[in-house]
Amino acid sequence: MGMKCSECGVCCKLFLINLTEEEYKSGRYKTMFDEFVHDFSEAEMVGANILAQKEDKSCVYLKDKKCSIHNFRPQVCRDFFCDTEDKKFKEMIEKIKEFKDN
Ligand code: SF4
């Protein structure tokens, strides 16, 4: 991890953020379809454990290209960093590059 986050905000715009069961149940995050689901398995089934998005599809917590809930951002947001060499993020990193090149 050499690079510092440039705060381009692209990763918070391109990807759906899946909350863990614990995060979902904490009730502290705005999620999709909140009003329709009652428990986590139901939420996972319909994708409601996903953070809500703004109209432009970016994360509802992205404000001025910064995470407005940085201190309690979901685990996946903590795990991802765009200079990671972790194979599981390869596809995401390619998507970010593609987005920036266009
Ligand atoms: S919670 Fe914060 S870090 Fe995670 S996608 Fe939203 S703005 Fe980005």
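These are my notebook entries on a predicted model of one chain.

**Entry 1: overall layout**

I began with the secondary structure. The chain has five helices and two strands. Read along the sequence, I get the order α-α-α-β-β-α-α. I then looked up the radius of gyration, which is 14 Å, close to the 13 Å that the globule rule gives for 102 residues, so the chain is as compact as a globular protein of that length. Along the principal axes, the C-alpha atoms fill a box of roughly 40 × 30 × 25 Å. I noted that 31% of the 102 residues count as buried. I also looked up how far contacts reach along the sequence. Of the contacts between residues at least 6 apart, 49% join residues at least 24 apart.

**Entry 2: the cores**

Which residues have the most contacts inside the largest nonpolar core? I found Tyr24, Tyr29, Leu51 and Tyr61, in a core of 15 residues. There is also a second, separate core of six residues, and Val10, Phe80, Phe89 and Ile93 are among them.

**Entry 3: Tyr29**

I picked Tyr29 from the largest core for a separate look. Is Tyr29 buried or exposed? Its relative accessibility is 9%, and under 20% counts as buried, so Tyr29 is buried. Leaving out residues up to four places away in sequence, I listed what Tyr29 touches: Leu19, Glu23, Asp34, Leu51, Tyr61, Ile69, Phe72, Arg73 and Pro74. Two of the names on that list, Leu51 and Tyr61, also stand among the residues with the most contacts inside the largest core.

**Entry 4: aromatic pairs**

I looked for ring pairs next. The structure holds three aromatic pairs. One of them joins Tyr29 and Phe72, with 6.0 Å from centre to centre and 45 degrees between the planes, and this pair is tilted. Where do its two residues sit? Tyr29 is in the loop between helix H2 (21–26) and helix H3 (40–46), and Phe72 is in the loop between strand S2 (66–67) and helix H4 (75–79). The two are 43 residues apart, so I wrote the pair down as a link between distant parts of the chain. Phe72 has 28% relative accessibility and counts as partly exposed, whereas Tyr29 counts as buried. Phe72 has a charged neighbour too: Arg28 lies over the face of its ring, at 4.1 Å from the ring centre.

Then I turned to Phe80 and Phe89. Their ring centres are 5.2 Å apart and their planes stand at 75 degrees, so the pair is edge-to-face. Phe80 is buried, with a relative accessible area of 9%. Phe89 is buried as well, at 10% relative accessibility. Phe15 joins Phe80 and Phe89 in one aromatic cluster.

**Entry 5: cysteines**

How many disulfides does the structure hold? I found zero. I looked up the burial of Cys12 and Cys59 anyway. Cys12 is partly exposed, with a relative accessible area of 26%, while Cys59 counts as buried at 12%.

**Entry 6: Val37**

My last look was at Val37, which lies in the loop between H2 and H3. Tyr29 is in the loop between these helices too. Val37 has 11% relative accessibility and counts as buried. I also looked up its separation from Ala48, 11 residues away along the chain. The C-alpha atoms of Val37 and Ala48 are separated by 7.4 Å.

Methods:
Residues numbered from 1 in each chain as written. Predicted model: local features only at pLDDT ≥ 70, side-chain atom pairs only at ≥ 80, totals over all residues. Heavy atoms only, no water. Core = buried A, V, L, I, M, F, W, Y, C linked by side-chain atoms within 4.5 Å. Buried < 20%, exposed > 50% of the residue type's maximum accessible area, 1.4 Å probe, protein only. Contact = heavy atoms within 4.5 Å. Phe/Tyr/Trp six-rings, centres within 6.5 Å; stacked < 30°, edge-to-face > 60°. Helix = DSSP H or I, 4+ residues; strand = E, 2+ residues; numbered from the N terminus. Lys NZ or Arg CZ within 6 Å of the ring centre and 35° of its normal. Disulfide = S-S within 2.5 Å. Rg over C-alpha atoms; globule rule 2.2 N^0.38 Å.
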